[in-house]
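Colleague: I should like to go through this model with you, one point at a time. Please show it first.

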Amino acid sequence: ALYKYLQDRFANRVLLTFGEIEDRMGTALPDAARSDAAWWSVATTATSEQSDAWTLAERAATVNMLGQRVLFER
């Protein structure tokens, strides 16, 4: 569902809170997503359902850990 949401957005930038991501995924983010900014980096992330969603939608994720938000950009 996160992939479809990101893929269907016309905007080049989409900002979502951790809660909004979880709502779209229908599952909680792993603990590492909330505690380690490197989890959001495709280069350091083991393939996960979440990272597959934004990479397949051709977006990069930039996390704001304090604000618990993620900017997905094309």
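**Strands, helices, core and charged pairs**

Colleague: Which residue in E3 is the bridge partner of Val 63?

Modeller: E2 spans residues 60-64 and E3 residues 69-73; helices (H or I, at least four residues) and strands (E, at least two) are DSSP runs, numbered from the N terminus. E2 and E3 pair in the antiparallel sense over five bridges, and pairing requires that DSSP finds at least two bridges between two strands. Opposite Val 63, the partner in E3 is Val 70.

Colleague: At which pLDDT do side-chain atom pairs count?

Modeller: Residues are numbered from 1 along each chain as its sequence is written, and side-chain values use heavy atoms, with hydrogens and water left out. This is a predicted model, in which totals for chains, interfaces and linings use all residues, local features need pLDDT of at least 70, and side-chain atom pairs count only at pLDDT 80 or more.

Colleague: Which residue in E3 stands opposite Leu 16?

Modeller: Strand E1 covers residues 13-17. E1 and E3 run antiparallel and are joined by five bridges. The residue of E3 facing Leu 16 is Val 70.

Colleague: Which side chains of E2 point to the buried face?

Modeller: In a regular strand the side chains alternate between the two faces of the sheet. E2 shows this alternation, with Ala 60, Thr 62 and Asn 64 on the face that is not buried. Buried means under 20% relative accessible area, exposed over 50% and partly exposed in between (1.4 Å probe, protein chains only). The buried side chains of E2 are Ala 61 and Val 63.

Colleague: Between which strands does Gln 68 lie, and what is its phi?

Modeller: Gln 68 is in the loop between E2 and E3, a hairpin with four residues between the strands. Gln 68 counts as partly exposed because its relative accessibility is 39%. Although Gln 68 is a residue other than glycine, its phi is positive, near 50°.

Colleague: Is Glu 58 buried or exposed?

Modeller: Glu 58 is not a glycine, yet it has a positive phi of about 60°. Its place is in the loop between helix H4 (49-56) and E2. With a relative accessibility of 66%, Glu 58 counts as exposed.

Colleague: Within what arc do the buried residues of H4 fall?

Modeller: Gln 50, Ser 51, Ala 53 and Trp 54 are buried in H4. They line one face of the helix because, seen down its axis, they fall within an arc of limited span, taken from the directions from the helix axis to the C-beta atoms. The face turned away carries the exposed Glu 49 and Leu 56. The arc of the buried residues is 150°.

Colleague: Which helix supplies the largest share of the largest nonpolar core?

Modeller: A nonpolar core is a set of buried Ala, Val, Leu, Ile, Met, Phe, Trp, Tyr and Cys residues joined through side-chain atoms within 4.5 Å. The largest one has 18 residues, of which Ile 21, Trp 40, Val 70 and Phe 72 touch the most other members. H1, E1, H2, H4, E2 and E3 each supply at least two residues of this core. The largest share, three residues, comes from H2.

Colleague: How many residues apart in sequence are the parts tied together by Glu 73 and Arg 13?

Modeller: Glu 73 and Arg 13 form a salt bridge, their closest N and O atoms being 3.5 Å apart; the term requires a side-chain nitrogen of Lys or Arg within 4 Å of a carboxyl oxygen of Asp or Glu. Glu 73 lies in strand E3 and Arg 13 in strand E1, so the parts that the pair ties together are separated in sequence by 60 residues.

Colleague: Which residue forms a salt bridge with Glu 22?

Modeller: Glu 22 is buried because its relative accessible area is 17%. Its partner lies in helix H3, whereas Glu 22 lies in helix H2, so the pair ties together parts that are 12 residues apart in sequence. With the closest N and O atoms 2.7 Å apart, the partner of Glu 22 is Arg 34.

Colleague: Which residues does Ala 28 contact, leaving aside neighbours within four places in sequence?

Modeller: Ala 28 is in the loop between helix H2 (18-25) and helix H3 (31-35), and it counts as exposed because its relative accessibility is 53%. Contact means heavy atoms within 4.5 Å. With those neighbours set aside, Ala 28 is in contact with Glu 22 and Gln 50.
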